[in-house]
Amino acid sequence: MIEKNIIIEDVDPVVFYGTNNDNLHFIKTLYPKLHIIARGNVMKVIGEEKDIVQFEKSISLIIKYCSEYNRLDGTIIGAIVNGGTPLEIKQEHLIIHGINGKQIVGRTENQQKLVKCFEKNDLVFALGPAGTGKTYVAIALAVRALKNKEVRKIILSRPAVEAGEKLGFLPGDMKEKIDPYLQPLYDALQDMIPAVKLREMMENNTIQIAPLAFMRGRTLNDAVVILDEAQNTTVPQIKMFLTRLGSNAKMVITGDMSQIDLPSSQTSGLVQAIDILRDIKGIGYVRFDKSDIVRHRLVQAIVEAYEAYDKKQKEKREKKDKKDN
């Protein structure tokens, strides 16, 4: 009889062991000759060496499956242990498997372009209206790179610019004031990484979410770095951010030119950056439009209505200017 400790890495123990430890109980029934004790991410196995060797082989395959697909049940475990391959229909344009095996894909042509552009370039600008999935796809690509061990961390940032409400009016300390601005980033991550694993990654700084001001002075190596809502950066801010890019790193800048919340006296750093950097090789651009909107059908109608209104207002101003002149 020997004793062996097996470390369960790269998976959420809650997903791996199952609800009420159902998966663990099932694994134990498949290996009745072994005494199996699980504590957190460690499985202690006691038994004959040949049985433990076979158990380790199966468990490594089960962990690999759970890590890739973010789900596990008795049917999957049984298929793996019996030497088969669980049936898994991969959807076209798959990026990663999210919570409960949800397939996260490039749903529109421009979302698919963003995936390809990210693979070819170290710096990508994703531009377009709200609801087109710019940030969501960018974060999915970052999570995929992290899972594939292409990078060691994900860094997500946003400028803390208010759309009508002032920071000082919000309750709490600085973190509590800033968190509402970063909530869309949390929402996307929670759709892709199990809660326990996400909390662990944030505690050990594998995933970092911070306001733009916290980026100054850093060199961001071995990371996927995403700047969301970049239309609300000032010229010095976006220059500072872009120059943080380090070795073995990729950066995605997302923004919507129609939702600039800066004071009218300030130039959007994103607008200027696109103009200045347009001819540099290694920088990619993906422009989304209202046909890419994947939220409620009314969102596209709302965007179109505002575009029509803005066009009419512009025509009125131009007519007035001509009349005044």
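E3 is partly exposed in this predicted model, with a relative accessibility of 49%. Its charged partner is K44, and the closest N and O atoms of this salt bridge are 3.9 Å apart. Because K44 belongs to strand β3 and E3 to strand β1, the pair ties together parts of the chain that are 41 residues apart in sequence. K44 is partly exposed too, at a relative accessible area of 30%. As a general reminder, side chains of opposite charge can pair when their charged atoms come close.

Let us follow K44 into its strand. Strand β3 spans residues 42–47 and has two faces: M43, V45 and G47 lie on the covered one, while V42, K44 and I46 lie on the uncovered one. That pattern is a familiar one, as side chains in a regular strand alternate between the two faces of the sheet. Which strands pair with β3? Strand β1, residues 2–7, pairs with β3 in the antiparallel sense over 6 bridges, and strand β2, residues 35–39, also pairs with β3 in the antiparallel sense, over 5 bridges. M43 is a handy marker here: this β3 residue is the bridge partner of I6 and also the bridge partner of A38. If you trace the chain from β2 into β3, you will find a hairpin with 2 residues between the strands, where G40 in the turn has a positive phi of about 60 degrees.

Next, turn to helix α2, which covers residues 22–30 and has N23, L24 and I27 as its buried residues. These three sit on the same side of α2, because they cover an arc of only 100 degrees around the axis. The geometry of helices helps here: an α-helix has 3.6 residues a turn, so residues three or four places apart point the same way. What covers the buried residues of α2? The cover includes strands β2 and β3, along with helices α1 (13–17), α3 (49–69) and α4 (74–81).

Just before α2, the loop between α1 and α2 holds T19. With a relative accessibility of 61%, T19 counts as exposed. T19 and D73 are 54 residues apart in sequence, yet their C-alpha atoms are 9.6 Å apart in space.

Back to the charged pairs, for E3 and K44 are not alone: the structure holds 12 salt bridges. One of them brings together the side chains of D10 and K149, at 3.5 Å from N to O. This pair links distant parts of the chain, 139 residues apart, with D10 in the loop between β1 and α1 and K149 in the loop between α6 and β7 (153–158). Are the two partners buried or exposed? D10 counts as partly exposed at 44% relative accessibility, whereas K149, at 61%, counts as exposed.

Another salt bridge joins K250 and D122, whose closest N and O atoms are 3.7 Å apart. Here again distant parts of the chain are linked: K250 is in strand β10, D122 is in the loop between α5 (109–120) and β6 (123–127), and 128 residues separate them. D122 is partly exposed, at 43% relative accessibility. Salt bridges can also share partners, and in this way R158, D228 and E229 are joined into one network.

D228 turns up again when we look at T135, a residue of helix α6 (residues 134–147). T135 is buried, with a relative accessible area of 15%. Beyond its neighbours within four places in sequence, T135 is in contact with D228, L185 and T254.

Two loops remain to visit. N221 is in the one between β8 (207–211) and β9 (223–227), and at 27% relative accessibility N221 counts as partly exposed. Which residues does N221 contact, leaving aside its neighbours within four places in sequence? They are K153, G246, S247 and N248. To place N221 relative to the strand where we began, note that its C-alpha atom is 34 Å from that of M43, with the two positions 178 residues apart along the chain.

The other loop, between β10 (250–255) and α10 (269–277), contains M257. M257 is partly exposed, with a relative accessibility of 35%. Together with I260 and V271, M257 makes a nonpolar surface patch of about 220 Å².

Notes
Residues numbered from 1 in each chain as written. Predicted model: local features only at pLDDT ≥ 70, side-chain atom pairs only at ≥ 80, totals over all residues. Heavy atoms only, no water. Patch = residues over 30% accessible without salt bridge, like charges linked within 9 Å, V, L, I, M, F, W, Y side chains within 5 Å. Areas by Shrake-Rupley, 256 points an atom, 1.4 Å probe, with all protein chains shown as cover. Salt bridge = Lys/Arg side-chain N within 4 Å of Asp/Glu carboxyl O. Helix = DSSP H or I, 4+ residues; strand = E, 2+ residues; numbered from the N terminus. Buried < 20%, exposed > 50% of the residue type's maximum accessible area, 1.4 Å probe, protein only. Pairing = 2+ DSSP bridges. Contact = heavy atoms within 4.5 Å. Arc of directions from axis to C-beta.
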